[in-house]
Amino acid sequence: MATSNPGYSFPSASSQEVWTHHVKPQASFEPLTDPRIAGLLGVPVGTEVMRRFRVTGPVAEPPFQINISWIHPRGLEDAPEVATQAKGPGDWLYRLERAGHWPISWMEIHRARMPTPEEAALLQIPGILPVLEIVRVGTSGGDGKPIEVTEYIVASDRVETVHVLHRDESAQDPWPDDETDE
């Protein structure tokens, strides 16, 4: 029998680990005051959006990441249930897709920076330890516009990134011989 929970997950660590919420998950309507995130979400600064806030990590370890998602207002119009606690990892993304945004595609922006005092406290790290900020922009397959932006903040000593590079189709095999005049 098929399950209604596809388990969307963007894991930061081994899928074998059991993760938990280190603080109570929150979902609230708030004005989006960060100009960078507002621009990525495609809304004017100050627009009231759904904000989902999580601090998660392995059960027996300090918090691994802070996870803040902002959902475009049209996402809430289409799928108001995304404001509730999800049944499983990424269930709210599944709900957005079912509401007409299939398939959501993602782009990530990575940068290292110093944590805010609040972030350092939540991650239980010293304020002098940099964090990796990963901002994921989810674009609706229904209209081609951003539907969600999620920011992950991870202590830099707890993360490793792996990137697969692809050769452009214009590359020739083998490389053309160099023509030199002697």
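1. Let's start in the middle of this predicted model. The largest nonpolar core has 21 residues, and the members that touch the most others are Leu32, Leu41, Ile66, Trp70, Ile125 and Val149. At least two residues of this core come from each of α1, β3, β4, α4 (117-123), β6 and β7. A second core lies apart from it, with 10 residues, among them Met50, Val82, Trp92 and Leu96. As a general background, nonpolar side chains in soluble globular proteins tend to be buried together.

2. Trp70 is a good residue to click on, as one of the core members that touch the most others. Leaving aside residues up to four places away in sequence, Trp70 touches Leu32, Ile37, Leu41, Val49, Met50, Arg51, Ile147, Glu148, Val149 and Glu151. One of these, Arg51, is also the bridge partner of Trp70 in β4.

3. Now step back to the strand that holds Trp70. Why can we call β4 largely enclosed by the rest of the structure? Because 7 of its 7 residues are buried. Both faces are covered: on one side sit Gln65, Asn67, Ser69 and Ile71, on the other Ile66, Ile68 and Trp70, and all of them are buried.

4. Which strands are joined to β4? On one hand there is β3, which runs antiparallel to β4 and is joined to it by 7 bridges. The link along the chain from β3 to β4 is a hairpin of 6 residues. On the other hand there is β7, also antiparallel to β4 and joined by 7 bridges; here Ile68 has Glu151 of β7 as its bridge partner.

5. Helix α3 (residues 91-101) deserves a look too. Its buried residues are Asp91, Trp92, Leu93, Arg95, Leu96, Glu97 and His101. They pack against a long list of elements: β3 (48-58), β4 (65-71), α2 (73-78), β5 (105-113), β6 (131-139) and β7 (146-155). Two of the buried α3 residues, Trp92 and Leu96, belong to the core of 10 residues. A useful rule when you trace a helix: there are 3.6 residues a turn, so residues three or four places apart point the same way.

6. Just after this helix, find Ile104 in the loop between α3 and β5. Is Ile104 buried or exposed? It counts as buried because its relative accessible area is 6%, and the cut-off for buried is under 20%. Not counting residues up to four places away in sequence, Ile104 touches Leu93, Leu96, Glu97, Gly138, Thr139, Gly141 and Ile147. The C-alpha atoms of Ile104 and Gly144 are 8.8 Å apart, although 40 residues separate them along the chain.

7. Here is the overall picture. The protein has 4 helices and 7 strands, in the order β-β-α-β-β-α-α-β-α-β-β along the sequence. Of its 182 residues, 36% are buried. Among contacts between residues at least 6 apart in sequence, 61% join residues at least 24 apart. The accessible surface comes to about 11100 Å², and carbon and sulfur atoms account for 54% of that.

8. Finally, a word on confidence. The average pLDDT is 86, and 85% of the residues score at least 70. Among the elements, helix α1 (residues 35-41) has the highest mean pLDDT, 98, and strand β1 (residues 19-21) the lowest, 84. Over residues 1-7 the pLDDT is below 50, and beyond near neighbours in sequence this stretch has 9 contacts in the model.

Conventions
Residues are numbered from 1 along each chain as its sequence is written. This is a predicted model: local features need pLDDT of at least 70, side-chain atom pairs count only at pLDDT 80 or more; totals for chains, interfaces and linings use all residues. Side-chain values use heavy atoms; hydrogens and water are left out. Buried means under 20% relative accessible area, exposed over 50%, partly exposed in between (1.4 Å probe, protein chains only). Contact means heavy atoms within 4.5 Å. Accessible areas come from the Shrake-Rupley method with a 1.4 Å probe; for residues, only the protein chains shown count as cover. pLDDT is the predictor's confidence in each residue, from 0 to 100. Two strands pair if DSSP finds at least two bridges between them. A nonpolar core is a set of buried Ala, Val, Leu, Ile, Met, Phe, Trp, Tyr and Cys residues joined through side-chain atoms within 4.5 Å.
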